[in-house]
Amino acid sequence: MKVMIETERLVLRPLVPEDYEAVYKWGSDPIVNEYMIYPLYKCAEDVKAWLEGRDDDNPDSYDLGIELKETGELIGSGGFVYHPERDAWEVGYNIRRDQWGKGYVPEAMQGILDHIKEHRTVRAIEGTFAKENHKSQRVMEKLGMHYLEDTEFQKLDGSRKYDAKTFIREF
(Lines give C-alpha, C1' and ligand atoms only; values in the text may rest on other atoms or scores of the structure.)
Protein backbone atom coordinates (compact mmCIF):
# COMPACT_ATOMS: atom_id res chain seq x y z
CA MET A 1 0.00 0.00 0.00
CA LYS A 2 1.29 3.45 -0.86
CA VAL A 3 1.47 5.16 2.50
CA MET A 4 4.02 7.06 4.53
CA ILE A 5 4.13 6.45 8.28
CA GLU A 6 6.31 8.16 10.86
CA THR A 7 7.36 6.74 14.20
CA GLU A 8 9.62 8.29 16.81
CA ARG A 9 12.83 7.44 14.91
CA LEU A 10 11.68 6.13 11.53
CA VAL A 11 9.94 6.99 8.29
CA LEU A 12 8.16 4.02 6.71
CA ARG A 13 7.61 4.56 3.01
CA PRO A 14 7.13 2.71 -0.27
CA LEU A 15 10.26 1.28 -1.80
CA VAL A 16 11.11 2.67 -5.24
CA PRO A 17 13.45 1.34 -7.96
CA GLU A 18 16.03 3.98 -7.02
CA ASP A 19 16.40 2.20 -3.65
CA TYR A 20 17.99 -0.83 -5.28
CA GLU A 21 21.55 -0.21 -4.05
CA ALA A 22 20.40 0.28 -0.43
CA VAL A 23 18.18 -2.83 -0.59
CA TYR A 24 21.07 -4.78 -2.10
CA LYS A 25 23.16 -4.02 1.02
CA TRP A 26 20.96 -6.26 3.16
CA GLY A 27 19.54 -8.48 0.41
CA SER A 28 23.02 -9.67 -0.56
CA ASP A 29 24.29 -10.22 2.99
CA PRO A 30 24.34 -13.99 3.65
CA ILE A 31 23.91 -13.45 7.40
CA VAL A 32 20.83 -11.24 6.95
CA ASN A 33 19.50 -13.64 4.30
CA GLU A 34 20.08 -16.81 6.33
CA TYR A 35 16.44 -17.15 7.48
CA MET A 36 14.70 -15.19 4.70
CA ILE A 37 12.42 -16.98 2.23
CA TYR A 38 13.94 -15.23 -0.77
CA PRO A 39 17.27 -16.40 -2.23
CA LEU A 40 20.43 -14.38 -1.68
CA TYR A 41 20.73 -11.54 -4.18
CA LYS A 42 23.96 -11.80 -6.15
CA CYS A 43 23.47 -8.74 -8.36
CA ALA A 44 22.10 -5.26 -7.60
CA GLU A 45 20.34 -5.21 -10.97
CA ASP A 46 18.19 -8.16 -9.81
CA VAL A 47 17.05 -6.06 -6.86
CA LYS A 48 16.21 -3.20 -9.22
CA ALA A 49 14.12 -5.54 -11.43
CA TRP A 50 12.27 -6.81 -8.34
CA LEU A 51 11.55 -3.25 -7.17
CA GLU A 52 10.28 -2.26 -10.62
CA GLY A 53 7.84 -5.20 -10.62
CA ARG A 54 6.28 -4.61 -7.21
CA ASP A 55 2.56 -3.87 -6.77
CA ASP A 56 2.34 -1.09 -4.19
CA ASP A 57 -1.40 -0.59 -4.77
CA ASN A 58 -2.52 -3.86 -3.14
CA PRO A 59 -4.70 -2.88 -0.13
CA ASP A 60 -3.84 -6.21 1.53
CA SER A 61 -0.09 -5.64 1.48
CA TYR A 62 1.86 -3.07 3.46
CA ASP A 63 5.52 -3.65 2.54
CA LEU A 64 7.48 -0.50 3.28
CA GLY A 65 11.05 0.69 3.44
CA ILE A 66 12.44 1.49 6.88
CA GLU A 67 14.28 4.79 6.79
CA LEU A 68 16.10 6.51 9.65
CA LYS A 69 14.35 9.80 10.29
CA GLU A 70 17.56 11.49 11.44
CA THR A 71 19.63 10.68 8.33
CA GLY A 72 17.17 9.59 5.62
CA GLU A 73 19.13 6.35 5.25
CA LEU A 74 17.16 3.29 4.09
CA ILE A 75 18.12 0.42 6.42
CA GLY A 76 15.47 -2.26 5.88
CA SER A 77 11.96 -3.15 4.86
CA GLY A 78 8.96 -4.84 6.34
CA GLY A 79 5.26 -4.94 6.81
CA PHE A 80 2.12 -7.03 6.85
CA VAL A 81 0.19 -9.04 4.26
CA TYR A 82 -3.46 -9.95 4.82
CA HIS A 83 -4.51 -13.59 4.42
CA PRO A 84 -8.32 -13.71 4.14
CA GLU A 85 -8.42 -17.51 4.50
CA ARG A 86 -7.04 -17.10 8.04
CA ASP A 87 -8.41 -13.60 8.65
CA ALA A 88 -4.93 -12.66 9.82
CA TRP A 89 -2.14 -10.27 8.87
CA GLU A 90 1.29 -11.90 8.45
CA VAL A 91 4.35 -9.94 9.53
CA GLY A 92 7.67 -9.95 7.67
CA TYR A 93 10.80 -7.82 7.81
CA ASN A 94 14.52 -7.59 7.23
CA ILE A 95 17.10 -5.02 8.18
CA ARG A 96 20.76 -4.37 7.58
CA ARG A 97 22.98 -6.27 10.01
CA ASP A 98 24.72 -3.14 11.33
CA GLN A 99 21.29 -1.91 12.49
CA TRP A 100 20.35 -5.06 14.45
CA GLY A 101 19.65 -4.73 18.16
CA LYS A 102 18.52 -1.09 18.10
CA GLY A 103 14.77 -1.75 18.32
CA TYR A 104 14.03 -0.46 14.82
CA VAL A 105 12.11 -3.53 13.62
CA PRO A 106 9.56 -3.66 16.48
CA GLU A 107 9.12 0.12 16.20
CA ALA A 108 8.54 -0.09 12.45
CA MET A 109 6.17 -3.07 12.62
CA GLN A 110 4.15 -1.47 15.44
CA GLY A 111 3.90 1.74 13.40
CA ILE A 112 2.59 -0.14 10.37
CA LEU A 113 0.22 -2.21 12.51
CA ASP A 114 -1.18 0.93 14.16
CA HIS A 115 -1.77 2.43 10.71
CA ILE A 116 -3.56 -0.69 9.44
CA LYS A 117 -5.75 -0.79 12.56
CA GLU A 118 -6.85 2.80 11.85
CA HIS A 119 -8.16 1.77 8.42
CA ARG A 120 -9.00 -1.94 8.63
CA THR A 121 -10.32 -4.49 11.08
CA VAL A 122 -7.51 -6.59 12.47
CA ARG A 123 -8.49 -9.85 14.12
CA ALA A 124 -4.98 -11.29 14.40
CA ILE A 125 -1.36 -10.92 13.39
CA GLU A 126 0.88 -13.92 12.76
CA GLY A 127 4.52 -14.55 12.05
CA THR A 128 6.62 -17.60 11.25
CA PHE A 129 10.35 -17.80 11.85
CA ALA A 130 13.09 -20.43 11.90
CA LYS A 131 13.36 -21.98 15.37
CA GLU A 132 17.00 -20.97 15.71
CA ASN A 133 16.26 -17.34 14.76
CA HIS A 134 15.92 -16.03 18.31
CA LYS A 135 16.11 -12.40 17.16
CA SER A 136 12.85 -12.79 15.21
CA GLN A 137 11.21 -14.52 18.15
CA ARG A 138 12.12 -11.51 20.29
CA VAL A 139 10.63 -9.08 17.73
CA MET A 140 7.36 -11.01 17.75
CA GLU A 141 7.27 -11.07 21.54
CA LYS A 142 7.76 -7.28 21.55
CA LEU A 143 4.70 -7.07 19.26
CA GLY A 144 2.69 -8.95 21.92
CA MET A 145 2.66 -12.21 20.00
CA HIS A 146 2.90 -15.67 21.57
CA TYR A 147 3.62 -19.23 20.44
CA LEU A 148 0.91 -20.89 18.33
CA GLU A 149 2.52 -23.95 16.74
CA ASP A 150 5.57 -25.66 15.31
CA THR A 151 5.74 -25.65 11.53
CA GLU A 152 8.27 -25.40 8.73
CA PHE A 153 9.04 -23.23 5.73
CA GLN A 154 11.49 -23.21 2.88
CA LYS A 155 13.20 -20.65 0.69
CA LEU A 156 11.26 -19.73 -2.45
CA ASP A 157 13.90 -21.43 -4.60
CA GLY A 158 13.70 -24.62 -2.50
CA SER A 159 17.38 -24.40 -1.51
CA ARG A 160 16.77 -24.78 2.23
CA LYS A 161 14.01 -25.93 4.58
CA TYR A 162 13.64 -24.75 8.17
CA ASP A 163 11.95 -26.07 11.29
CA ALA A 164 9.92 -23.09 12.40
CA LYS A 165 7.55 -21.63 14.96
CA THR A 166 4.46 -19.57 14.30
CA PHE A 167 3.49 -16.86 16.75
CA ILE A 168 0.13 -15.06 16.91
CA ARG A 169 -1.58 -12.11 18.56
CA GLU A 170 -5.35 -11.86 18.52
CA PHE A 171 -7.21 -8.61 19.04
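**Close-up 1. Where the buried residues of α5 pack.** In this predicted model, the buried residues of α5 pack against four partners: β5, α4, β6 and β8, the last of these spanning 161-170. Look for S136, Q137, V139 and M140, the buried residues of α5. Seen down the axis of α5, these buried residues fall within an arc of 160°, so they line one face of the helix.

**Close-up 2. The other face of α5, and what follows the helix.** Turned away from the buried side of α5 is a face that carries the exposed residues H134 and K135. After α5 comes G144, and the phi of G144 is positive, near 80°.

**Close-up 3. The largest nonpolar core.** Here we meet a core of 30 residues, the largest nonpolar one. L12, F80, W89, M109 and I112 are the residues with the most contacts inside this core. At least two residues each come from the strands β2 (10-14), β3 (61-68), β4 (74-83), β5 (88-95) and β6 (124-130), and likewise from the helices α4 (104-119) and α5 (134-142). Which element gives the most to this core? That is α4, with seven residues.

**Close-up 4. The surroundings of I112.** Leaving aside residues up to four places away in sequence, I112 touches I5, L12, Y62, L64, G78, G79 and F80. Two of these names, L12 and F80, may be familiar from the previous close-up: along with I112, they are among the residues with the most contacts inside the largest nonpolar core.

**Close-up 5. A second core.** Separate from the core around I112 is a second one, made of 12 residues. Among its members are Y20, W26, M36 and Y41.

Conventions:
Residues are numbered from 1 along each chain as its sequence is written. This is a predicted model: local features need pLDDT of at least 70, side-chain atom pairs count only at pLDDT 80 or more; totals for chains, interfaces and linings use all residues. Side-chain values use heavy atoms; hydrogens and water are left out. A nonpolar core is a set of buried Ala, Val, Leu, Ile, Met, Phe, Trp, Tyr and Cys residues joined through side-chain atoms within 4.5 Å. Buried means under 20% relative accessible area, exposed over 50%, partly exposed in between (1.4 Å probe, protein chains only). Contact means heavy atoms within 4.5 Å. The arc is that of the directions from the helix axis to the C-beta atoms.
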